Amino acid sequence: MLKGIAAAPGISIGKAFLLDSQEFVIQKKEVSEAELSNEIARFESALIKTRQEIVEIQKKIAEEMGADHAEIFNAHLLVLEDRMLIEEVIVHLKKEKLSVEYIFMNVLKKYMNVFSKIDDEYLKERIVDIGDVGKRVLKNLLGKQFESIEAQEEPVIIVAYNLSPSDTVTLHKKNVMGFITDVGGRTSHTAIIARALEMPAIVGLEDATKKIKNEDLLIVDGSEGVVFINPEKQTLKKYTEQKKKIDEFHKQLLKLRNLPSETLDGRRIELSANIEFPEEIPSLLHYGCDGIGLYRTEYFYLNRTDVPGEEEQFKAYKYAAQKMKPHSVVIRTLDVGGDKLVSQLGIPKEMNPFLGWRAIRFCLARPEIFKVQLRAILRASNYGKLKMMYPMISGIEELKEANSLLKDVRLELKKKKIGFDENMEVGAMIEIPSAAMTCDVLAREVNFFSIGTNDLIQYSLAVDRSNEKIAYLYEPAHPAVLRLIKNIIDVAHGNGIWVGMCGEMAGEPHFALLLLGMGLDEFSVSPMSVPIIKNVIRSVRLDQMQELAKEALKLPSGKQIEEFTKRHLKETTPSIVKTA
Ligand code: PEP
Ligand code: MG
């Protein structure tokens with residue numbers, strides 16, 4: 001059994017699939033003059049076969065996740081069609097008279113070496129594409145069946161050292177039933193995507209890739225953060241039953257979908273969902289939420305080589321606005337940087353990416369990119385109830401500058417007589433301690449706040465949200481964090497604006513009790529948490545939660561507060577404890 005950090009709840013039982021486990025050892029083998037034409041023919045058919053494989057995967061991803069996500073594979077196809085590379089292989093083959101796989105591998109290595117020395121982040125990232133394609137060609141040359149995830153008959157559990165948010169996006173639902181990684185934290189974007197895709201996941205296992213072999217039978221308990229490798233019959237039976245129980249519990253919760261999220265003493269709470277892709281919208285309606293409280297638009301920019309234009313963004317936002325009507329949709333403007341690198345935007349690798357050139361800082365420095373998005377959002381606001389908010393606001397100047405760009409775009413649209421919602425609400429995410437401490441000043445410039453605890457916690461406690469080594473210090477209930485949250489809520493209300501929370505903390509049932517008591521107006525959680533949090537809200541009295549919050553805020557440590565809230569959750573909603 002291995003223990004890691006629970007990243008996405010639920011239980012998966014299936015075979016392990018180790019990513020990047022297939023390395024080749026290619027022996028140097030001489031070939032005769034007579035064999036050369038056969039070597040060239042083998043090379044050509046391997047290229048054709050690889051092309052077919054990639055086009056096939058691209059088609060599948062386009063069908064399931066939309067054409068934009070499939071575009072990443074265009075870069076793979078370009079590598080395959082590179083005349084220079086192909087000719088270089090043939091020239092060396094004729095000169096050195098060694099097997100074509102050996103020659104190809106060396107040419108490939110040379111290419112990757114050259115790319116790694118170029119001082120251009122975009123080109124550097126193409127090394128991964130060259131490596132991926134190269135591996136496929138080699139597999140086909142060696143006559144081995146490529147062990148791709150897509151080719152697996154049964155859904156698998158991915159075991160990897162790390163997965164980037166964009167890797168996770170491409171693990172499409174059908175063939176992957178969960179994943180586990182050696183590194184990562186609970187609020188890393190990789191974990192957030194796992195919850196969006198409803199795949200049980202565990203991160204921060206440290207050495208899972210060393211202890212697990214391909215095809216091992218795994219039980220992944222994403223709620224507890226434990227993995228069993230080739231479990232005993234008894235364990236397997238226990239978890240199969242537990243899985244059934246959880247599925248049944250979730251089915252029961254769905255009965256709440258048409259009921260309001262309201263406390264026992266009648267306080268109506270806005271319960272919204274966080275999404276990353278427009279494809280998630282149909283399932284939101286199924287879960288019965290009050291709208292979208294966070295639409296992470298940066299996923300438009302990932303896994304592609306170009307920058308999405310106004311029309312494409314407009315269509316997506318319009319789709320969200322229309323589908324969710326009469327509910328509201330909060331679109332967050334581009335939040336790139338940190339762990340979400342978008343190579344085509346030219347953001348360089350930084351020493352401290354989470355403290356670097358990201359989100360609103362990037363957008364204000366590149367107004368030509370930012371304004372395209374603002375135009376798309378404003379135009380879409382004509383088709384439903386859209387709101388928008390800026391990420392990573394650190395102080396008043398940034399907020400004013402962003403609002404001033406928004407004003408310019410509004411004027412341009414008016415001049416061109418293009419319609420938009422003149423009353424669209426504009427908010428600021430409060431996810432940096434400096435914003436939390438000066439939110440009285442910020443409140444005058446916006447219609448609402450949304451607290452981003454994923455970042456607020458990492459900045460307040462100086463704990464990298466994606467580092468498993470210090471995950472024990474990442475405490476949402478640390479008194480420092482709670483005092484900041486309390487301040488934000490009180491100041492917002494004092495200034496007559498509403499305040500929500502879209503960080504993952506809002507989706508944790510025991511913390512939800514606390515946040516209710518602190519006066520939070522809106523909870524925005526991952527879609528699968530909507531029924532769970534609705535159940536919590538409907539099981540408690542607001543006045544009692546206010547008392548609970550008062551008591552909790554007197555406690556001296558995060559651990560004590562967490563235990564205190566968990567005890568109360570057990571009393572108010574006992575059924576939820578084991579399944580959330
Ligand atoms: C947050 O920081 O809490 C948040 C919701 O934004 P993200 O997780 O995308 O950084
Ligand atoms: Mg954030």
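**A walk through the predicted model**

E198 is placed in the loop between α8 (189–196) and β6 (201–203), and in this predicted model E198 has a positive phi of about 55° although it is not a glycine. With a relative accessibility of 31%, E198 counts as partly exposed. A second residue of this kind is K97, a non-glycine residue whose phi is positive and near 50°; K97 belongs to the loop between α4 (83–96) and α5 (100–117), and its relative accessible area of 27% makes K97 partly exposed. Most residues other than glycine have a negative phi, and most peptide bonds are trans. Against that background one may also note the peptide bond between K325 and P326, which is cis with omega at about 10°, and P326 is found in the loop between α12 and β11.

From that loop the reader can turn to the barrel, into which eight strands close in the order β9-β10-β11-β12-β13-β14-β15-β16, with parallel pairing. Neighbouring strands of this sheet are turned against each other by 25° on average, direction ignored. Within the barrel, strand β12 (residues 385–390) pairs with β13 in the parallel sense over four bridges, and M389 stands opposite G427 in β13. Helix α14 (residues 367–380) packs on the sheet, where it touches β11 (328–332) and β12, and the direction of α14 makes about 155° with that of β12.

Helix α14 also packs with helix α12 (residues 310–324), at an angle of about 35° and with the axes 8 Å apart, and α12 passes α14 in a right-handed crossing. The residues making this contact include F314, Y317 and A321 of α12 and V372, A376 and I377 of α14.

Y317 appears again in the largest nonpolar core, which has 105 residues and in which Y295, Y317, Y390, F449, I485 and F523 have the most contacts. The largest share of this core, eight residues, is supplied by helix α19 (residues 479–494). Leaving aside neighbours within four places in sequence, I485 is in contact with I451, T453, L456, M501, M505, L515 and M518. Apart from this core lies another, of 34 residues, among them L36, A70, Y102 and L141.

The magnesium ion (ligand 2) has as its protein donors E431 (OE) and D455 (OD), which lie 2.0 to 2.1 Å from it. This pair links distant parts of the chain, 24 residues apart: E431 is in the loop between β13 (425–430) and α16 (433–437), whereas D455 is in helix α18 (residues 453–461). Both E431 and D455 are buried.

Methods:
Residues numbered from 1 in each chain as written. Chains lettered and ligands numbered in written order. Predicted model: local features only at pLDDT ≥ 70, side-chain atom pairs only at ≥ 80, totals over all residues. Heavy atoms only, no water. Donors = N, O, S within 2.8 Å, 3.2 Å for Na, K, Ca; no water. Helix = DSSP H or I, 4+ residues; strand = E, 2+ residues; numbered from the N terminus. Buried < 20%, exposed > 50% of the residue type's maximum accessible area, 1.4 Å probe, protein only. Core = buried A, V, L, I, M, F, W, Y, C linked by side-chain atoms within 4.5 Å. Contact = heavy atoms within 4.5 Å. Pairing = 2+ DSSP bridges. Axes fitted to C-alpha atoms, helices over the stretch in contact; angles between N-to-C directions. Left-handed = near helix turned anticlockwise from the far one by under 90°.
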